[in-house]
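Please read the explanation that follows with the sequence and the model side by side. It takes charged side chains as its starting point and then turns to the surface.

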Amino acid sequence: VTDYLGIAPTKLREILATYDTSASRLLSELKLQIAKRELCEGTREIREIGRGLGFSDASHFARFFRSKASTSPSAFRAENTKSFIS
């Protein structure tokens, strides 16, 4: 991650400490936001979204999503696609 951002690990830790978060928490939040966006778009299968976010199988992605969003990916898609289309 630090190579991608172009900053030293110590600098990243300083920045994250300022916001009272960790790198893993930040990455989880980013993955969740990307997943939500892609689920609302409705063009890719749920397992493909999970795979694209680095999950080895759909069940790992579903557990991650449920733990962060308090609903399953399919329920989130169904609820948000309805409001998106209407």
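In this predicted model, Glu-14 has a relative accessible area of 47% and is therefore classed as partly exposed, since that class lies between the buried limit of under 20% and the exposed limit of over 50%. Its salt-bridge partner is Lys-11, and the closest N and O atoms of this pair are 3.9 Å apart, a separation that qualifies because the cut-off for a salt bridge is 4 Å. Lys-11, with a relative accessible area of 42%, is likewise partly exposed. Both residues belong to helix H2, which covers residues 9-18, and because they stand three residues apart there, about one helical turn separates them.

The pair formed by Glu-14 and Lys-11 is one of the salt bridges in the structure, which holds four. Another joins the side chains of Glu-38 and Arg-44, where the distance from N to O is 2.6 Å. Here the two partners fall into separate classes of accessibility: Glu-38, at 14%, is buried, whereas Arg-44, with a relative accessible area of 30%, is partly exposed. The value for Glu-38 counts as buried because it lies under the limit of 20%.

What surroundings does Glu-38 have, once its neighbours within four places in sequence are left aside? Glu-38 lies in helix H3, which runs over residues 23-41, and with those sequence neighbours set aside it is in contact with Arg-44, Ile-49 and Arg-77. Arg-44 thus appears both as a contact of Glu-38 and as its partner in the salt bridge.

A further salt bridge links Arg-47 with Glu-45, and in this pair the closest N and O atoms are 2.9 Å apart. In this case each partner is partly exposed, with a relative accessible area of 46% for Arg-47 and a relative accessibility of 39% for Glu-45.

Helix H3, which holds the buried Glu-38, also contains Leu-30. At 44% relative accessibility, Leu-30 counts as partly exposed, and together with Leu-26 and Leu-27 it makes a nonpolar surface patch of about 230 Å². Leu-30 can be counted in such a patch because its side chain is nonpolar and its relative accessibility is over the required 30%. Helix H3 therefore includes a residue that counts as buried, Glu-38, and one that counts as partly exposed, Leu-30.

Methods. Residues are numbered from 1 along each chain as its sequence is written. This is a predicted model: local features need pLDDT of at least 70, side-chain atom pairs count only at pLDDT 80 or more; totals for chains, interfaces and linings use all residues. Side-chain values use heavy atoms; hydrogens and water are left out. Helices (H or I, at least four residues) and strands (E, at least two) are DSSP runs, numbered from the N terminus. Buried means under 20% relative accessible area, exposed over 50%, partly exposed in between (1.4 Å probe, protein chains only). Contact means heavy atoms within 4.5 Å. Patches are made of residues with over 30% relative accessible area and no salt bridge: like charges are joined within 9 Å, nonpolar side chains (Val, Leu, Ile, Met, Phe, Trp, Tyr) within 5 Å. Accessible areas come from the Shrake-Rupley method with a 1.4 Å probe; for residues, only the protein chains shown count as cover.
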